[in-house]
Amino acid sequence: MKYTALTLAAKAAAITAALTLSACGAESESAGSGETAAPAAAAPGPAPAAAPTTTPEERGRKLFNECAICHTAKEGDPNRVGPNLFGVVGRSAGKADGFAYSKAFTDADVVWTEENLNSFIENPQAFMRGNRMAYVGQRDAEKRADIIAYLKTLK
Ligand code: HEC
């Protein structure tokens, strides 16, 4: 959805630019009659969406809201339904202090590289069968990248 809005915004910007350019070109010919400037003001299409000023980390922090039901992110915060995720990127699976992991986790020989996190977040059960993370998975690759960018800041 966000992607579509951005695409539309980009298109609207391109149209506006094109109209502005043609208006400029025409102006020198018709000595500023004002006629050619009108279409630019009435550019068709939806109002351009606000420019995307957020960083992947900021978007990821928002997306993390759906993880935060089960996971804390700050150093020293308690485990919830899921383990605290401070420092998880680059760490071996199943190492948060005081969390009772499933056998799937304690048996796993997995390091949380960005690649492994990407697969796990996409489909936790497909990546590690029998684990207890009751999360359906994030199928949008861009959102996963944003979430991982945020997880990387937790150190
Ligand atoms: C319904 C609760 C729940 C939700 C929602 C959830 N998780 Fe989890 N997560 C868990 C549990 C429980 C585990 C441990 C699973 C086990 O022991 O089998 C876990 C494990 C993890 C681990 C491995 C941690 C480690 O110490 O090895 C990561 C990384 C993780 N979750 C990331 C996420 C992210 C990112 C999201 C959101 C996109 C998310 N989780 C959503 C419950 C949840």
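The secondary structure of this chain amounts to 8 helices and 0 strands, and the order of elements from the N terminus is α-α-α-α-α-α-α-α. Please keep in mind as you look around that the model is predicted. Of the 155 residues in the chain, 14% are buried. Among contacts with a separation of 6 or more, 50% join residues 24 or more positions apart. The points below go through the ligand shell, the nonpolar core, the two helices that supply it, and a few residues worth a visit.

**Around the ligand**

- The shell around the ligand holds 28 residues, and those that come nearest are C67, C70, G82, S102 and M133.
- Three elements give two or more residues to this shell: helix 4 (65–68), helix 5 (103–107) and helix 6 (114–122).
- By residue type, the shell splits into 19 nonpolar, 6 polar and 3 charged residues.

**The largest nonpolar core**

- This core has 14 residues, and the members that touch the most others are L117, I147 and L151.
- At least two residues of the core come from helix 6, and at least two come from helix 8.
- Helix 8 provides the largest share, with 4 residues.
- If you would like one residue to start from, try L151, which touches L85, V88, V89 and L117 once residues up to four places away in sequence are set aside.

**Helix 8**

- Helix 8 covers residues 141–152, which makes 12 residues.
- From first C-alpha to last, helix 8 reaches 16 Å, close to the 16 Å expected at 1.5 Å a residue.
- Its buried residues are R144, D146, I147, I148, Y150 and L151, so named because each has 20 or more other C-beta atoms within 10 Å of its own.
- These buried residues pack against helix 3 (56–63) and helix 6.
- Two of the buried residues of helix 8, I147 and L151, are also among the core members that touch the most others.

**Helix 6**

- In helix 6, the buried residues are L117, F120 and I121.
- Viewed down the axis of helix 6, these buried residues fall within an arc of 95°, so they line one face of the helix.
- Their packing partners are helix 7 (124–127) and helix 8.
- Helix 6 therefore appears in two settings, since it gives two or more residues to the ligand shell and supplies at least two residues of the largest nonpolar core, where C-beta atoms within 7 Å join the members.
- E115 also lies in helix 6, and it is exposed because it has 10 other C-beta atoms within 10 Å, where the limit for exposed is 12 or fewer.
- Although E115 and I148 are 33 residues apart along the chain, 9.5 Å separates their C-alpha atoms.

**R59 and its link to helix 8**

- R59 belongs to helix 3, one of the elements that the buried residues of helix 8 pack against.
- With 19 other C-beta atoms within 10 Å, R59 is partly exposed, because buried calls for 20 or more.
- The C-alpha atoms of R59 and D146 are separated by 6.0 Å, with their positions 87 residues apart along the chain.
- Leaving out residues up to four places away in sequence, R59 touches T54 and D146.
- D146, for its part, is one of the buried residues of helix 8.

**The loop between helix 4 and helix 5**

- K95 sits in the loop between helix 4 and helix 5, and F99 has its place in that loop between helix 4 and helix 5 too.
- K95 has 13 C-beta neighbours inside 10 Å and so counts as partly exposed.
- F99 has 14 C-beta neighbours inside 10 Å, so F99 counts as partly exposed.
- K95 and N84 are 11 residues apart in sequence, and the distance from C-alpha to C-alpha is 9.8 Å.
- F99 and V81 are 18 residues apart along the chain, with 9.2 Å separating their C-alpha atoms.
- Apart from its neighbours within four places in sequence, F99 is in contact with N79 and P83.

Notes:
Residues numbered from 1 in each chain as written. Predicted model: local features only at pLDDT ≥ 70, side-chain atom pairs only at ≥ 80, totals over all residues. Near = placed C-beta within 6 Å. Nonpolar A, V, L, I, M, F, W, Y, C, P; charged D, E, K, R; others polar. Contact = placed C-beta atoms within 7 Å. Expected span 1.5 Å × (residues − 1). Arc of directions from axis to C-beta.
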